[in-house]
Amino acid sequence: MGKPLVELENLTKYFDVSKKDKLHAVDGITLTINEGETLGVVGESGCGKSTLGRTVLKLHEPTSGKIIFDGKDITNYKKNQIHEIRQDMQMIFQDPYSSLNPRMTVQSLIAEPMLVNKTYQNKNEVFDMVAELMETVGLAERLSGAYPHELDGGRRQRIGVARALALNPKFIVCDEPVSALDVSIQAQILNLLMDLQEQRNLTYMFITHDLSVVRHISSQIAVMYLGKCVELCPSKELFKNPLHPYTKALLSAIPVPSIEMRKRKIHVIKGEVTNPINPKPGCRFAARCPLASDECRAADIPLTEIEKGHFAACCKVGK
């Protein structure tokens, strides 16, 4: 196990909806990502996954809490201070088309981060590095003069991966990097990310709503629901022994290509989603949980270690 690279302490991010109302996008997240490991962040759309990733990189300023990166508290860093460590923290975006400038060629897109940050002495060195990165991510040299609209989704996402690697970062937030791709291409990009992690000792926060994808790449998984982390544990443990009712429902929704599995019990989530604007105290999942009681609605349920290394925010678990 490597040393902690990213540590979040009670991190929150609220968005102003009106003078009095705030949308609780990320609400009290505490977790650690060790060097060379991958934290998978899963949950349904609107649970705050992407906001969490952007807040960790300070693309959104946190409302409260702490972000500690490589031993430094960067929570209150100003723009010039963040610029200094930005090379160590990068992001791969969800949509490989909208995240690329359509007027720039593949070569220019990959070279841009290096030119902006002046990481090489001259342009020849930059374009030599571009050629090396293209080879690393599996882009043919003949595509260096192509534009994004001339390429398929898989090749566009490879450009996004190359751009993220251009400054030789330590930490990359992967914001649903394969959700817009065909299944066969998804596997290629996932394998590429895992190979790069092994070669360069990269640390990932891998955000997705697809549990079958996150199982393939993650060493730890955090399950989010309406801004809260409801379960956190090693990847294998989550699939073998899910504790939170929401996690069980997510896992039962994974399609299994087997006739024998037709009879398995599927946990159907019923009820209305709690309003994330000024939410009342209590478990956010209580309105849809079959086990919910008055105890669940009385106060917020903290993330508690139920078993060694296995945390859950549920008052019905471990009793």
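These legends describe close-up views of one predicted model.

Local features need pLDDT of at least 70, side-chain atom pairs count only at pLDDT 80 or more, and totals for chains, interfaces and linings use all residues. Residues are numbered from 1 along each chain as its sequence is written, and side-chain values use heavy atoms, with hydrogens and water left out.

**View 1. An open sheet of 4 strands.**
The strand order is β2-β1-β4-β5, and the pairing is antiparallel. Strands (E, at least two residues) and helices (H or I, at least four) are DSSP runs, numbered from the N terminus. Two strands pair if DSSP finds at least two bridges between them. β2 (22–34) and β5 (72–73) stand at the edges; each has a single partner strand, so one side of each is left without a neighbour in the sheet. Strand β1 (residues 4–16) is joined to β2 by 10 bridges. One bridge partner of L11 to look for is I29, in β2.

**View 2. Helix α1 lies across the sheet strands β1, β2 and β4.**
Helix α1 covers residues 49–56, and β4 covers 64–69. The helix runs at about 115° to β1. Axes are lines fitted to C-alpha atoms, for helices over the stretch in contact (heavy atoms within 4.5 Å). Angles run from 0 to 180 degrees between N-to-C directions.

**View 3. Strands β6 and β7 pair in the parallel sense.**
They share 4 bridges. In this pairing, M91 has V173 of β7 as its bridge partner. Strand β6 spans residues 89–92, and β7 spans residues 171–175. M89 and M91 point one way from β6, while Q90 and I92 point the other way. All four are buried, meaning under 20% relative accessible area (exposed is over 50%, partly exposed in between; 1.4 Å probe, protein chains only).

**View 4. Cysteines without disulfides.**
The whole structure holds 0 disulfides (pairs of cysteine sulfur atoms within 2.5 Å). For C174, the nearest cysteine sulfur belongs to C47, 16 Å away. C174 is buried, at a relative accessible area of 0%. The sulfur of C315 is 3.3 Å from that of C296, too far for a bond. C315 also counts as buried, at 10% relative accessibility.

**View 5. E237 is buried yet has no salt bridge.**
E237 is found in helix α8 (residues 235–240). The nearest side chain of opposite charge, K240, is 4.2 Å away. Lys and Arg count as positive, Asp and Glu as negative; His and the chain ends are not counted. A salt bridge needs a side-chain nitrogen of Lys or Arg within 4 Å of a carboxyl oxygen of Asp or Glu. Not counting residues up to four places away in sequence, E237 touches P242, E307 and H310.
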